[in-house]
Amino acid sequence: MTAPIRLVLADDESLTRGAVGALLGLEGDLQVVAEASTGDEAVDAIRDHAPDVAVLDVEMPGRDGAEVAQWVAENQPATRCIILTRHARPGVLRRALAAGARGFVTKSAPATVLADVVRRVHGGGRYVDPDLAMTALTSEECPLTDRELEVLRNVDDTGTAVDIAGRVHLSPGTVRNYLSSAMQKLGAGSRSEAARVARDHGWL
């Protein structure tokens, strides 16, 4: 008898994680060996259990799904990663695929589709949600300069322009100018919103 495909399932929404885990567990050839609610827990579970496939929510506390996929690619390449997302955002797709993810599925997909994607990815294939792929092909070019992107990468909820300036080796005034320019180009009301918009488009 063929050994089941061993899975780690990571999602910060406990109801979603439980439902997906239960549905996948009904498949005779799939076995969920560990669950995680944060990106760091996902890394620990993948390190401890060495699953065949990791199913990762794209948005989790700590490391997000793409960052976990990047860690897996660098530290445990035998494990293949599938990204789950609620919103079909093309930028997230590009970032996740660049990080080494082999599959990309929206949370609205039926559990049977996810199970089939797990089997395909485990067998060496890839899968990208068709609607998401079409959106990614038609998405717009990045309007931001390299410096504006660098500054936005260092935006967080608590840091000031002085904090960012220290990290990117620029003066606080220059950082404020780059932030203002990026916000204007993206139609954002705050630097956090500008960073989120840029990240959603896959520019960061």
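In the predicted model, A10 has A36 of strand β2 as its bridge partner. This bridge belongs to the pairing of strand β1, residues 5–10, with β2, which runs in the parallel sense over 6 bridges. The two strands are part of an open sheet of 6 strands, ordered β2-β1-β3-β4-β5-β6, with parallel pairing. The edges of the sheet are taken by β2 (30–36) and β6 (127–128); each has a single partner strand, so one side of each is left without a neighbour in the sheet.

Strand β3, residues 53–57, contains D57. The UniProt record, in an unreviewed entry, lists D57 under "modified residue: 4-aspartylphosphate". In the model, the relative accessibility of D57 is 4%, and D57 is therefore classed as buried, the limit being under 20%. With neighbours within four places in sequence left aside, the contacts of D57 are A10, D11, D12, G65, L84 and K107. A10, one of these contacts, is the residue bridged to A36 in β2.

D11 and D12, which are among the contacts of D57, are also touched by R17. R17 lies in helix α1, which spans residues 14–25. The relative accessible area of R17 is 15%, so this residue also falls under the 20% limit and is buried. A polar contact joins the side chain of R17 to the backbone oxygen of D11, at 2.6 Å. Beyond D11 and D12, and not counting residues up to four places away in sequence, R17 touches L9, E35, A36 and S37. Of these, A36 is the bridge partner of A10, and both E35 and A36 fall within the range of edge strand β2 (30–36).

The cysteines C81 and C142 were also examined for burial. C81 is buried, with a relative accessibility of 2%, whereas C142 is partly exposed at 28%. The different classes follow because the value for C81 is under 20%, while that for C142 lies between 20% and 50%. The number of disulfides in the model is 0.

At the level of the whole protein, the division is into domain 1, covering 5–138, and domain 2, covering 146–201. The C-alpha centres of domain 1 and domain 2 are 30 Å apart.

Methods: Residues are numbered from 1 along each chain as its sequence is written. This is a predicted model: local features need pLDDT of at least 70, side-chain atom pairs count only at pLDDT 80 or more; totals for chains, interfaces and linings use all residues. Side-chain values use heavy atoms; hydrogens and water are left out. Helices (H or I, at least four residues) and strands (E, at least two) are DSSP runs, numbered from the N terminus. Buried means under 20% relative accessible area, exposed over 50%, partly exposed in between (1.4 Å probe, protein chains only). A polar contact is a pair of N or O atoms within 3.5 Å; within protein, one must be able to donate a hydrogen and the other to accept it, and residues adjacent in sequence count only if both atoms are side-chain atoms. Contact means heavy atoms within 4.5 Å. A disulfide is a pair of cysteine sulfur atoms within 2.5 Å. UniProt positions are given in the numbering used here, feature names are shortened, and annotations may be inferred rather than shown by experiment. Domain bounds come from an automatic or database domain assignment. Two strands pair if DSSP finds at least two bridges between them.
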